[in-house]
Structure formats: C-alpha cells, structure tokens
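Colleague: Could you take me through the helices of this model, one step at a time?

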Amino acid sequence: MFNRRSTPSDGAASTATVRPEDTKYPPLQLIAYGLQHILTMYGGVIAPPLIIGGAAGLSATDMALLVTAGLFVSGLATMLQTLGLGPFGSRLPIVQGISFVSVSTIVSIANDGGLRPVFGAIIVAGVIGLIASSFFAHLVRLFPAVVTGTIITVIGLSLMPVAFRWAMGGNAKSSDYGSMANIGYAGLTLLIILVISRLFQGAISRLSILIGLVIGTLVAVGTGKADFSGVGDAKLVALPSVLHFGTPTFEVGAIVAMTIVILVIMTEATADILAIGEILPTKVDKKRLADGLRADMASSAVAPLVGSFPCSAFAQNVGLVALTGIKSRYVVAVGGAILALLGLLPVVGAVVAGIPYPVLGGAAIVLFGSVAASGIRTLSRVDYEDNLNMVIVAVSVAIGVIPIAAPDFWHAFPKSIAVVLESGISATAVVAIVLNVVFNEIRAGKREGVSVFAAAQDQREELGDRLDDDIRK
C-alpha cells in the first residue's frame, strides 16, 4: 500500500518502500524527538500516582515508589505498543501512560480498603480486557460520542475536587489547610501556566504544565514551603519492588467498577489508534487495532505487580505527532526507553513526591479541567435532533456528580453496589450505555417526532433568537 518514496528533509533515513511509522532517524535525533514526547506527557504520567497516593494516605517514600513504578510501566508499555511483540502492539507512534480515566474509581476503592483491592481489581479487569480485545471492535458501537463524551466530562468533573483540595494544602488536618498562602501558591502556578500558554507557541507552550510546576516549586523552596528531605534518603538506582504494597485482594464490587473503567480505556485507546492512523496516514484494520488494545490490556494487567495502574494511549502525544510531523514509531520507542530508565531512579520519584500540594493543585486545575473540556468537545459532535440524546447526557451526568455533590448518597447500599456507584465514572458509564441502548439501539416501540425535552430545547433556542433580534433592534 505504501509504495512511494519517503523524502524526509531532516535526517531521516530514506527508503524506497516505507510506511510513515517505519521512518528511521539518526541516534541523536531519535533521542531529541523521543525526549520531546516525554516532556509533553510527563506531568500527566506523574499526576495519577500522586492523586492515588495522597488519597490512600501513603508516606512520601511510598508515594515516590508509586511515581517511579508508573514511569517504569509507562515506558515498557510504550515500547511494547510501538515496537510490538507477536500479537501485542499496534506498531504505531503511540505513547502509553497511566490513565486518568481510572483515577476516580481507584480513589473510591482505596478510600475503603487501601491499595490491595485496587491492584486485585486492575489485574482481573486487565485480563478481561485482554480476552475481549479481539472482539472489542464489534462492541465499539455501544460507546458512541454521546456515551464517551459524557463519561470523559464526568471524569474531569470528578477530579476537580482533588485539584481544589491540593490547592488548599492537601492535608485537611494541617493548620494551614485552606490558607491564603496555600491558595496563593496554587494561583501563582496556574498563572504561570496561563501566561506561558498565551505568550509562547510550539514546544514551550506544550510544556507549560511542567514549567509551571518547576517555577512554582522553586518559589515554594525559596519561601520554605517545599520539603525535599526525602530525596537524600532515596536510592539513585533500584529495580521496582514487586508486590511492595502487599498481595492483591479480589473484591467483586471493585472488580466490576474497574472492568467498566477498562472498557472506557479501551474505547479511548481505539479512538487514539484510529486517529494516529489517519494522521500518518497508514492502514489500521481490525487486527492492528486488536493488537494495540492487547498491548494496552497486557500492560494494565501486569502493572499492579510493581505497584502501578492501568495504562492507556496519551492523546496529547497523538496531537504532537500531527503538530511536528515526526511520525516514526522508533522515536516514540526511544521516548519509552527514557521513561523506563527514569522509573529505575528512585531519586526522581522522591523529587516529584516533594512537590508541594498547592503547586500541584494549580497545575491540576488545568489538567483536570482539560479532561472535562475534552468531554464537552466530544459532546458537541453529538446529534441532538429528534432524539433523546440530551436526556442521556443529562441523566448520566447527574448520576455521575452525585459522589461530588452528596458523598453519602450511596452509603446505605450494599458495599458491592456502592463501590460501583460511588466512583461516579462507573455509574455514569453504566447509565449512559443502558440509556443509549434503550433510546438509540432498540427500535421496537420507537415513534417519530421530537421528544418533549428536545422540543423544550427548540423553544429555548427560539426564545434566544428572539432576544437576540430584540437586542439588535
């Protein structure tokens, strides 16, 4: 299919017949381009371990282990996805990292039973996803934009309270929790990110989160707010600890909740794989899609053994491929190797774990808000004419924000049910999928005509148009 000559202009090896993703570069360029990918996603890959570790009440030392384990697993998962191993890996330039989608559910499980049931649920859900990978292409129709957009929106909304608690200081028992100083550090970090995003373009703008964290932390160090005493005690090089947090336990409710999360991750991964195929462009058939999903699921199932969490494709790196035109999977593989090496340096995890919570909070407002905005953007592509899609979104979002608005709402329910509903994301997924099937997939009893909800929307839009006309007059 790709029988055209590659004509790279920046040092890439030229071959007569080469797919875009198979383009090769000299070693120094591979390292430079690969490092750019890692810098683009570094803030995103360290955030989930910090959120989960904080929710689980871990010490700074254990938080550092979560961070390095996340880096190590993300690096290996990226190499598996890009280079491939038998039926595992799409062999496309896709960066893998710890998925934000799983964070809210993991926090909900960890609040009740610590990390052991979390790891057990991830292992089982990952294996289920691995088995389902070959068939998932036929199930994607259950996850149209109205479902995925709703879920992603609720993911962002569910994470926002974490950002605000971080901005206040992270520890509600601390004497300065919610102080103007703490919120000031968060505001300064947020301001730095916004200024960089507005004034700069290209690589600097894409690194605004990382730069904001660095500058915010330096200010905190200068004012005595940051504590990096744990860095001196951390080893320079060490292999990830196997089952450091104990033997995984397996609870039905946690497994159900995590399986729903894994299905959402697979949906996102499917979208990213198809998107990168269009950007290159290269052929992505069902077999290649299944190979990519297998790499995702295998990495996720193994991750808990070294103290990490589910992996997924990072959409921001898909955007980076489109922006830079660097389409080589070998570039991303080198980036994965860099990630894995960072995961072997506990001192790196100790440095990250020492970043003050208010500084993290300022960056998290942008990060988590971007997740919600991404979901809203997906929902903007949904057709709301003469259907009940608006009802699907309205009810699903309402159910999803219950744990935020009324944390005790589901406490009277059996634990196996409550753990699914209290995650918000899982509850949203269940409701959105069921309502989409009932309203859009099942044809029996379906009548022509706009629903009362859609009609009400039409009336609101008509009223808005009239008001606009009156204002213009």
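Colleague: Which residues of α6 are buried?

Modeller: This is a predicted model, and I take a residue as buried when its relative accessible area is under 20%. By that cut-off, the buried residues of α6 are N182, Y185, A186, T189, I192, I193 and I196.

Colleague: Where on the helix do the buried residues of α6 fall, seen down its axis?

Modeller: An α-helix has 3.6 residues a turn, so residues three or four places apart point the same way. Seen down the axis of α6, the buried residues fall within an arc of 120°, so what they line is one face of the helix.

Colleague: Which residues of α6 are exposed on the other side?

Modeller: Exposed stands for a relative accessible area over 50%. On the side of α6 away from the buried residues, those that are exposed are M180, R198 and L199.

Colleague: Is V195 buried, partly exposed or exposed?

Modeller: V195 belongs to helix α6, and it joins L191, L199, F200 and I204 in a nonpolar surface patch with about 450 Å² of accessible area together. The helix α6 gives the most to this patch, with three residues. Since the relative accessible area of V195 is 38%, between the cut-offs of 20% and 50%, V195 is partly exposed.

Colleague: How far apart are the end C-alpha atoms of α18, and what span should its residues have?

Modeller: Helix α18 covers residues 425–441, and at 1.5 Å a residue its 17 residues should span 24 Å. The computed distance between its end C-alpha atoms agrees with that, at 22 Å.

Notes. Residues numbered from 1 in each chain as written. Predicted model: local features only at pLDDT ≥ 70, side-chain atom pairs only at ≥ 80, totals over all residues. Heavy atoms only, no water. Helix = DSSP H or I, 4+ residues; strand = E, 2+ residues; numbered from the N terminus. Expected span 1.5 Å × (residues − 1). Buried < 20%, exposed > 50% of the residue type's maximum accessible area, 1.4 Å probe, protein only. Arc of directions from axis to C-beta. Patch = residues over 30% accessible without salt bridge, like charges linked within 9 Å, V, L, I, M, F, W, Y side chains within 5 Å. Areas by Shrake-Rupley, 256 points an atom, 1.4 Å probe, with all protein chains shown as cover. Salt bridge = Lys/Arg side-chain N within 4 Å of Asp/Glu carboxyl O.
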